[in-house]
Amino acid sequence: MSQPKAHLLYVEDDESLSFVTRDHLEIYGFKVTHCADGVSAEAAIEQPKENYDCCILDIMLPGTDGFQLAEKIRARDQHLPILFLTAKSLKEDRLHGLRIGADDYITKPFSVEELILRVEVFLRRNRIQPATPVFDPGRIGQYHLELTKLRLRHTLTENERRLTRREADLLHLLSQNRNQILERGIILERLWGKNDYFLGRSLDVFISRLRKYLQEDDRLIIENIHGIGFCFQVPE
């Protein structure tokens, strides 16, 4: 039997639904810790030996509800993906969940296949985020990227360019993953929210723009890895 792909915390009080969903997740290869209420989920989160890769939370739970549980998870870990499973479809509930740190919602009834795809997206996004970068992603060769101010400045000539939000986010993502191959699909899912052909063409346009913006430092190369993605070559 293959090793589990990731460890999921699954919190659902519906016995039949949780049995079927957990069974499918485990068949797919995930390690699943299931809790039937918020209190036992809190205890599972606090276990020092357990590291979770994604949390799947029902909202309507006995005791501690899903919103309260999500707040406690966020107090411990700002980056752990949280996906709500909910029968509630009110806009106010969705907004409240997003405000307290949820990453996404699936409304019941849902397909397990969709749930698995959503979880896979979160896991891919997390794998490209270094926990403790050994470099400053804002320092890019002879350039400095001010992500919050959307400014790219050449440190020698002091030439400065204003970037769009998408341009700045793309350059930051490439810089975070410098000198390694970054898959096209991961870039599209991270910045556009989905991976399709037309968004791929938009990505190529943005890559061309960034190459022009960085041309004052000829050591910086955004290499196209055919059929896979890009490698942003930045001198150490």
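# Chat about a three-stranded sheet and its neighbours

Biologist: How do strand 10 and strand 12 pair?
Modeller: They pair in the antiparallel sense, over three bridges. Keep in mind that this is a predicted model.

Biologist: Okay, so which residue is the bridge partner of I181 in strand 12?
Modeller: That's C231. On the strand 11 side, E223 stands opposite C231 too.

Biologist: And how many bridges join strand 11 to strand 12?
Modeller: Five, and those two strands run antiparallel. Strand 12 covers residues 229-233.

Biologist: What order do the strands take in the sheet?
Modeller: The order is 10-12-11, in an open sheet of three strands with antiparallel pairing. Strand 10 (181-183) and strand 11 (221-225) each have a single partner strand, so they stand at the edges and one side of each is left without a neighbour in the sheet.

Biologist: By how many degrees are neighbouring strands turned against each other?
Modeller: On average by 30 degrees, if you ignore direction.

Biologist: What about the link in the hairpin of strand 11 and strand 12, how many residues sit between the strands?
Modeller: Three residues. In that hairpin G227 takes a positive phi near 75 degrees.

Biologist: Is strand 12 mostly covered or mostly open?
Modeller: Mostly covered: four of its five residues are buried.

Biologist: And L182, is that one buried or exposed?
Modeller: L182 lies in strand 10. Its relative accessible area is 3%, and buried means under 20%, so L182 counts as buried.

Biologist: How far apart are the C-alpha atoms of L182 and F230?
Modeller: They are separated by 5.4 Å, although the two residues are 48 residues apart along the chain.

Biologist: Let's go to the helices. Which strands does helix 8 lie across?
Modeller: Helix 8 (residues 197-213) lies across strand 11 and strand 12. The helix runs at about 150 degrees to strand 11.

Biologist: How do helix 7 and helix 8 pack, then?
Modeller: Helix 7 is residues 184-191, and the two pack at an angle of about 95 degrees with their axes 10 Å apart. That makes helix 7 roughly perpendicular to helix 8.

Biologist: Which residues meet there?
Modeller: From helix 7 you get R184, I187 and L188. They meet L199, G200, R201, L203 and D204 in helix 8. The residues of this contact divide into four nonpolar, one polar and three charged.

Biologist: New topic! Where is R74 found?
Modeller: In helix 3, which is residues 66-76. R74 is buried, with a relative accessible area of 8%.

Biologist: What does the side chain of R74 reach?
Modeller: The backbone oxygen of L80, at 2.7 Å. Leaving aside neighbours within four places in sequence, R74 is in contact with residues including P81, I100 and D103.

Biologist: And H154, buried or exposed?
Modeller: H154 is buried, with a relative accessible area of 2%. You'll find H154 in strand 8 (residues 151-154).

Biologist: What does the H154 side chain reach?
Modeller: The backbone nitrogen of T157, at 3.1 Å.

Biologist: Which residues is H154 in contact with, leaving aside neighbours within four places in sequence?
Modeller: Q142, Y143, N159 and E216.

Methods:
Residues are numbered from 1 along each chain as its sequence is written. This is a predicted model: local features need pLDDT of at least 70, side-chain atom pairs count only at pLDDT 80 or more; totals for chains, interfaces and linings use all residues. Side-chain values use heavy atoms; hydrogens and water are left out. Two strands pair if DSSP finds at least two bridges between them. Axes are lines fitted to C-alpha atoms, for helices over the stretch in contact, and angles run from 0 to 180 degrees between N-to-C directions. Contact means heavy atoms within 4.5 Å. Angles under 35 degrees count as roughly parallel, over 145 as roughly antiparallel, 65 to 115 as roughly perpendicular and the rest as oblique. Ala, Val, Leu, Ile, Met, Phe, Trp, Tyr, Cys and Pro count as nonpolar, Asp, Glu, Lys and Arg as charged, and the others, Gly among them, as polar. Buried means under 20% relative accessible area, exposed over 50%, partly exposed in between (1.4 Å probe, protein chains only). A polar contact is a pair of N or O atoms within 3.5 Å; within protein, one must be able to donate a hydrogen and the other to accept it, and residues adjacent in sequence count only if both atoms are side-chain atoms.
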